[in-house]
Amino acid sequence: MAQPEKEEVRVQVDGRTLTISNLYKVLYPRTGTTKGEVLNYYAQVAPTLLPHLAGRCVTRIRWPHGVHEGSFFEKNAPAGTPSWVRTAEVPTTGSRAQSSSDTLVFPIIEDLATLTWLVNLAALELHVHQWTVDRSGRPRGADRVVVDLDPGEPAGLHECCRVALMVRDRLAERGLAAKPVTSGSKGLHLYADLPERVPSEDSSALAKAVAEELQGEHPALVTATMTKARRAGKVFLDWSQNAGSKTTVSPYSLRGRELPTVATPLAWAEVEAGAQDPMALRQFRFDEVLERVQEHGDLFAGPR
């Protein structure tokens with residue numbers, strides 16, 4: 001029997017009263033995945049996800065009518081943001097400048113209530129910077145570096161895995177331990193925690209150096225050039241997401257793709273298998289991610 005799409009319910013989340021709407025609205029038509037199922041995923045993964053959002057300004061991508069229709073980026077906290085939602089006003093560059101005439105007021109997701117409130121607005125994707133803010137909302141330096149491995153057709157996840165092993169080794173030479181995450185789209189993301197905070201320009205330079213080294217050594221497989229015409233059959237190492245103004249989809253965030261896939265932390269053994277066998281690794285759906293967390297714990301923090 002058809003369910004009422006516009007039903008609203010009031011719920012208590014972490015002591016906050018929230019009005020949740022349209023639980024039966026289908027946000028992923030191919031799988032029939034509803035808004036209620038999306039909310040349930042984020043509620044279940046929250047204990048694992050929230051530590052990775054702590055102190056980070058969150059840009060959301062919202063699909064109010066589902067992934068088959070239009071979406072929009074939202075950086076500023078929207079009108080009607082509850083007073084209990086933590087926000088941070090930062091320069092648009094994400095720099096550590098003392099003042100700026102152009103600022104953004106980002107929400108910061110620190111608890112399940114804030115997460116639920118934003119997801120109820122159809123914020124399927126949560127994107128964050130590689131820097132954080134302190135308790136007063138002042139931007140701090142980057143505490144990690146990220147390299148986005150984006151395959152150009154006909155290259156795919158198999159080629160990304162091959163290149164990821166190269167990036168891992170180059171970061172290790174610099175004393176950094178890389179952590180692999182599927183993008184939830186086509187490729188992989190590699191993160192490495194920095195021993196100390198640095199300006200975003202420095203972390204960008206580090207990632208760019210790694211990308212250009214590998215491009216020079218493996219020009220048929222790797223490119224560090226953003227021009228799409230030069231990416232065919234290669235893996236683009238996007239180092240630019242370390243810029244202060246840029247963001248990357250958070251580990252454990254859903255993606256607004258045809259299927260409800262998730263940016264999923266991996267074990268290196270999975271990447272090594274994917275480098276050997278084109279069929280060994282794929283993007284994971286939200287239900288599979290919950291099973292993986294139950295079985296393996298938080299692979300982004302380290303194996304259980």
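Does Ser200 count as buried or exposed, and what is the relative accessibility behind that label? In this model, which is a predicted one, Ser200 has a relative accessibility of 12%, and because the cut-off for buried is under 20%, Ser200 counts as buried. As for its surroundings, Ser200 belongs to helix α4, which covers residues 200–217, and, if we set aside neighbours within four places in sequence, Ser200 makes contact with Trp131, Asn242, Ala243 and Gly244.

Let me turn from that one residue to the nonpolar interior. The largest nonpolar core comprises 77 residues, and those with the most contacts inside it are Tyr41, Tyr42, Leu115, Leu149, Val167 and Leu237. Since residues come to this core from both domain 1 (8–133) and domain 2 (141–296), the core lies between the two domains. Apart from it there is another core, this one of eight residues, including Leu104, Phe106, Ile108 and Val133.

Leu149 is worth opening up on the screen: leaving out residues up to four places away in sequence, Leu149 touches Cys160, Val163, Ala164, Gly187, Leu188, Leu190, Val235, Phe236 and Leu237. As general background, nonpolar side chains in soluble globular proteins tend to be buried together.

Finally, the question of empty space. Searching the whole structure turns up one cavity of 30 Å³ or more, and the largest cavity holds about 50 Å³ of space. Its lining consists of Tyr252, Thr264, Pro265, Val289, Arg292, Val293, His296, Gly297 and Leu299, which by class gives five nonpolar, three polar and one charged residues.

Methods
Residues numbered from 1 in each chain as written. Predicted model: local features only at pLDDT ≥ 70, side-chain atom pairs only at ≥ 80, totals over all residues. Heavy atoms only, no water. Helix = DSSP H or I, 4+ residues; strand = E, 2+ residues; numbered from the N terminus. Buried < 20%, exposed > 50% of the residue type's maximum accessible area, 1.4 Å probe, protein only. Contact = heavy atoms within 4.5 Å. 1 Å grid on protein atoms, 1.4 Å probe; cavity = no way out; pocket = protein on both sides within 12 Å on 5 of 7 lines; lining within 4 Å. Points joined across faces, edges and corners; volume = space filled by probe spheres on them. Nonpolar A, V, L, I, M, F, W, Y, C, P; charged D, E, K, R; others polar. Core = buried A, V, L, I, M, F, W, Y, C linked by side-chain atoms within 4.5 Å. Domains from an automatic or database assignment.
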